[in-house]
Each structure stands twice: as C-alpha cells, then as structure tokens.
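Here is a walk through one protein chain, helix by helix and strand by strand. Keep the viewer open as you read.

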Amino acid sequence: MAKIIDGKAIAAQIHSQSQKRIAKMKSSPKLAVVLVGNNKASERYVKHKEIAAKEIGMESTVFPFKSTITAKELRVEIEKIQKKYKPSGIIVQLPLPQKLRSKTQEILNAVNPVSDVDCLTQNNIGRLVTNDSPFVPPTVAAIMHILEKEEKVDLKEKYVVIVGAGILVGKPLTMLMLHHEATVTVCNKYTKNLKKLTKHADILITAVGQKHIIRANMIKKGAIVIDVGVSIEGTKIYGDAKFEDVKKRAKSITPTPGGIGPITVAYLLSNTIDAQENRLSQKRKK
C-alpha cells in the first residue's frame with residue numbers, strides 16, 4: 001500500500017516559513033489575481049489562494065472579468081492593475097475562457113516578468129530553459145519539493161513520464177527534469193499506447209484534468225505517482241489517477257484534493273515574497 005503524501009501538512013510548513021519572512025519585511029507583499037469567466041476549478045483555487053495569503057499576512061486582491069472581454073481589452077486591464085495597484089506578484093488564472101485560449105501567451109506577456117510569479121511570460125519561460133529564471137512555476141516547485149525533500153529521489157537515476165504537455169506543468173517541468181539530468185518522456189493527447197510508456201515509469205506525473213485517465217494496470221509496481229490533474233463533477237473533485245486502485249501498486253501517491261494543490265498555493269505565495277524582496281533590494285541599490 002502506497003504512502004499518501006500529505007500536501008496540506010507540507011504546505012503548512014512552507015506557509016510558516018513565509019509568515020516569518022513577511023514579519024521581517026518593512027512592507028508586506030501584494031498578490032494580484034486576474035480571474036476571467038466562471039470556471040469552477042479556477043474559482044476554487046483562487047479562493048484557496050486568498051485564504052492562504054490572509055493567513056500569512058499577505059495582501060491578495062482578485063480582479064474578476066467577464067468571459068466576454070477581448071484579449072486586447074484584457075491586456076490593457078492587466079497593465080492598468082500593475083500601474084495602479086503595484087503588486088509584488090500578479091497571475092492570470094488559467095485556463096482562460098475558450099474564446100481567449102488561442103491568445104493565452106499574448107495575454108500572459110502583459111505581465112511584467114519581475115512580477116510573473118507563475119513564471120509564464122515568454123521572458124521567464126526562456127530563462128527557465130537556460131536555468132536562469134527568477135522563479136520556478138509554483139506547481140513545478142511543488143512537484144520538485146515532493147521528489148527531493150519528501151521522497152529523497154536522485155533524479156539522475158530515474159525514468160520520468162509526464163502525462164500532459166501544457167504550459168502550467170508539462171513544459172516547464174520537462175525543463176527542470178532535464179536540468180536535473182532525469183530521463184524524461186512527455187505524453188500528449190496524440191500519444192499512442194499511453195499504458196506502454198507509463199508502465200515503465202519510476203516517477204509518473206499526470207496533469208491532464210481528466211477523471212481516472214490513469215489506472216492501476218498502467219503503473220509500475222513501486223512507482224511514485226504525482227497527480228496534478230483536477231476535474232469536478234457536481235460537488236466532487238477527482239484527480240487523473242483512480243486513487244483507490246493506483247495506491248495499491250504505487251510506492252507513494254498524492255491524493256486529490258489535498259495533494260499538489262495546497263503545496264502549489266504555498267509556493268505561489270513564496271514566489272510573491274521573493275518578488276517583493278527583489279523589488280526592495282533593487283530600490284536599496286538605487
């Protein structure tokens with residue numbers, strides 16, 4: 001039976017460190033969250049971010065917009081928020097409504113890279129590729145925390161399979177895994193015979209957002225399974241992995257909810273503190 005990784009407990013430790021960092025600062029960091037439309041999963045995550053920020057003494061403001069807004073209008077609004085509110089960090093909650101998705105990168109690039117605590121602007125993604133980014137994307141940081149600090153994994157010796165090639169997890173995580181000299185396979189919706197690949201993974205990371213796409217017969221016995229995907233049916237929340245079955249074969253597994261989500265929020269807030277510290281440091285130099 002697998003070890004169940006307690007994301008809430010890990011997040012609490014990170015929040016405790018963040019709270020102490022904020023207490024030592026002359027001005028508290030501010031997080032701005034741009035929320036477009038009414039995606040249930042997005043609204044849930046934003047609420048968790050607000051609560052967590054308040055608990056550690058960080059100011060967090062949500063800027064909601066209707067799904068009818070155009071990409072150009074949204075870029076202008078993001079620039080206004082940065083000019084008027086002057087946040088330490090700013091994020092655009094993803095996914096955007098369907099009509100805006102083809103413009104996602106264009107919209108994200110309206111964020112100033114020094115405040116891009118999600119690490120999604122082209123500038124910071126490029127720096128992530130060269131291993132010179134000021135931030136690690138929060139979900140990726142959460143995954144690496146589990147592997148390095150909780151599971152004590154030497155990635156040089158492991159075969160990692162990532163299911164999902166999106167900009168939030170799949171792409172940046174692949175870069176970080178390569179920097180750690182892991183052997184990596186990335187799967188997308190066109191990948192044939194997914195089971196053949198996942199069955200050999202020492203570490204399986206799934207970030208699709210499709211209920212129970214990963215089942216026990218797709219897992220190598222003793223594998224570490226990190227489930228990032230979230231889907232909501234009615235009032236119930238599901239991960240990509242069929243948890244009760246997969247945990248019987250895995251060495252360790254993250255539950256959904258209560259796994260990666262809380263740690264992701266903790267690292268988002270930690271990145272925001274980093275951004276504020278960087279800003280204050282630059283002011284002192286001037």
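## A glutamine in helix H10

Gln276 counts as buried because its relative accessibility is 5%, and buried here means under 20%. Bear in mind that this is a predicted model, so every number below is computed from predicted coordinates.

Gln276 sits in helix H10, which covers residues 260-285. What does its side chain make a polar contact with? The partner is the side chain of Ser88, at 2.8 Å.

## A glutamate in helix H3

Glu73 belongs to helix H3, residues 71-85. With a relative accessibility of 43%, Glu73 counts as partly exposed. That follows because the partly exposed class sits between the buried limit of 20% and the exposed limit of 50%.

The Glu73 side chain reaches back to the backbone nitrogen of Thr70, at 3.0 Å. If you want a long ruler across the model, try Glu73 to Ala250: they are 177 residues apart in sequence, and their C-alpha atoms are 47 Å apart in space.

## The two annotated domains

UniProt, in an unreviewed entry, puts "domain: Tetrahydrofolate dehydrogenase/cyclohydrolase catalytic" at residues 5-118. Over that stretch the chain is 47% helix and 16% strand, and the C-alpha atoms at its ends are 23 Å apart.

The unreviewed UniProt entry also lists "domain: Tetrahydrofolate dehydrogenase/cyclohydrolase NAD(P)-binding" at residues 137-278. Here the chain is 36% helix and 18% strand, with 17 Å between the end C-alpha atoms.

## Helix H1

Helix H1 takes in the 17 residues from 7 to 23. At 1.5 Å a residue it should span 24 Å, and its end C-alpha atoms are indeed 24 Å apart, so the two agree. Asp6 caps the N-terminal end of H1, with a side-chain oxygen 3.2 Å from the backbone nitrogen of Lys8.

Which residues of H1 are buried? They are Gly7, Ile10, Ala11, Ile14, His15, Ser18 and Ile22. Looking down the axis of H1, these buried residues fall within an arc of 135°, so they line one face of the helix. Turned away from that buried side is a face carrying the exposed residues Gln17, Lys20 and Ala23.

## Helix H2

Helix H2, residues 40-56, also has 17 residues and an expected span of 24 Å; its end C-alpha atoms are 25 Å apart, which agrees. At the N-terminal end of H2, Asn39 is the cap: a side-chain oxygen lies 3.0 Å from the backbone nitrogen of Ala41. Just past H2, Gly57 takes a positive phi of about 90°.

The buried residues of H2 are Ser42, Val46, Lys49, Ala52, Ala53 and Ile56. Down the H2 axis they fall within an arc of 130°, so they line one face of the helix. On the other side of H2, Lys40, Lys54 and Glu55 are exposed.

## The parallel sheet

Now for the strands. An open sheet is built from 6 strands in the order E1-E11-E8-E7-E5-E6, with parallel pairing. Strands E1 (3-4) and E6 stand at the edges with a single partner strand each, so one side of each has no neighbour in the sheet.

Strand E5, residues 159-163, is largely enclosed by the rest of the structure, because 5 of its 5 residues are buried. In a regular strand, side chains alternate between the two faces of the sheet. Both faces of E5 are covered: Tyr159, Val161 and Val163 are buried on one side, Val160 and Ile162 on the other.

What flanks E5? Strand E6, residues 183-187, runs parallel to E5 and is joined to it by 5 bridges. Strand E7, residues 203-206, pairs with E5 in the parallel sense over 4 bridges. Val163 is a handy landmark: it stands opposite Cys187 in E6, and opposite Thr206 in E7.

## Cysteines

How many disulfides does a search of the whole structure find? The count is 0. Cys187 counts as buried because its relative accessibility is 1%. Cys119, at 2% relative accessibility, also counts as buried.

Terms used:
Residues are numbered from 1 along each chain as its sequence is written. This is a predicted model: local features need pLDDT of at least 70, side-chain atom pairs count only at pLDDT 80 or more; totals for chains, interfaces and linings use all residues. Side-chain values use heavy atoms; hydrogens and water are left out. UniProt positions are given in the numbering used here, feature names are shortened, and annotations may be inferred rather than shown by experiment. Helices (H or I, at least four residues) and strands (E, at least two) are DSSP runs, numbered from the N terminus. A disulfide is a pair of cysteine sulfur atoms within 2.5 Å. Buried means under 20% relative accessible area, exposed over 50%, partly exposed in between (1.4 Å probe, protein chains only). The expected span of a helix is 1.5 Å times one less than its number of residues. The arc is that of the directions from the helix axis to the C-beta atoms. A polar contact is a pair of N or O atoms within 3.5 Å; within protein, one must be able to donate a hydrogen and the other to accept it, and residues adjacent in sequence count only if both atoms are side-chain atoms. Two strands pair if DSSP finds at least two bridges between them.
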